[in-house]
Amino acid sequence: MLPNWSNMTLHLVDYLTHALGRYLDNWSRNSSKAEQALDNTLAEENFRNIVWYLTVMIGMFAFIVMAILVSTVKLKQRKHSDDPYHKYIEEARAERGHKQPHNSPTQNKI
């Protein structure tokens with residue numbers, strides 16, 4: 001029985017997949033124990049470097065988050081202080097509040 005060659009791409013993919021698989025199998029069998037030991041050592045060193053990289057990145061992220069939180073807390077404390085600038089803003093808001101009446105949605109209902 002002859003194979004159906006109507007789908008040439010499918011047959012070509014199958015052939016190339018098997019050929020590449022055979023080549024890679026032969027190539028991996030030919031590697032020496034020294035090469036395998038070197039590959040294992042490099043993989044272990046890369047893992048160590050990744051751990052240090054993640055530690056540094058998480059540390060930097062934590063530092064930035066803590067800096068933002070501390071600055072926000074200090075800003076809230078300063079907002080309630082006797083700072084003349086904040087007193088000026090409070091007075092301006094109070095004056096504006098007396099000039100413009102506040103319309104709430106419940107007052108506008110008929």
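This tour goes from the whole chain to one helix, then to a patch on the surface.

Start with the whole protein chain of this predicted model. Colour the chain by secondary structure: 3 helices and 0 strands appear. Followed along the sequence, the order is α-α-α.

Next, colour by pLDDT. The average for the protein chain is 77, and 73% of the residues score at least 70. Select helix α3, residues 84-99, which has the lowest mean pLDDT among the elements, at 75. Then select α2, where the mean is the highest, at 84. Where pLDDT is low, the coordinates should not be read in detail.

Now show the surface of the whole chain. About 11,000 Å² is exposed, and carbon and sulfur atoms supply 64% of that area. Of the 110 residues in the protein chain, buried ones make up 2%.

Keep helix α2 in view; this helix covers residues 33-79. Select residues 50-70, listed by UniProt in an unreviewed entry as "transmembrane region". The span is 100% helix and 0% strand, and its end C-alpha atoms lie 30 Å apart.

For the next stop, select Ile50, Tyr53, Leu54, Val56, Met57, Ile58 and Met60. These residues form a nonpolar patch on the surface, and together they have about 680 Å² of accessible area.

Finish by centring on Met57, one of the patch residues, which lies in helix α2. Is Met57 buried or exposed? Its relative accessible area is 34%, so Met57 counts as partly exposed.

Conventions:
Residues are numbered from 1 along each chain as its sequence is written. This is a predicted model: local features need pLDDT of at least 70, side-chain atom pairs count only at pLDDT 80 or more; totals for chains, interfaces and linings use all residues. Side-chain values use heavy atoms; hydrogens and water are left out. UniProt positions are given in the numbering used here, feature names are shortened, and annotations may be inferred rather than shown by experiment. Helices (H or I, at least four residues) and strands (E, at least two) are DSSP runs, numbered from the N terminus. Buried means under 20% relative accessible area, exposed over 50%, partly exposed in between (1.4 Å probe, protein chains only). Accessible areas come from the Shrake-Rupley method with a 1.4 Å probe; for residues, only the protein chains shown count as cover. Patches are made of residues with over 30% relative accessible area and no salt bridge: like charges are joined within 9 Å, nonpolar side chains (Val, Leu, Ile, Met, Phe, Trp, Tyr) within 5 Å. A salt bridge is a side-chain nitrogen of Lys or Arg within 4 Å of a carboxyl oxygen of Asp or Glu. pLDDT is the predictor's confidence in each residue, from 0 to 100.
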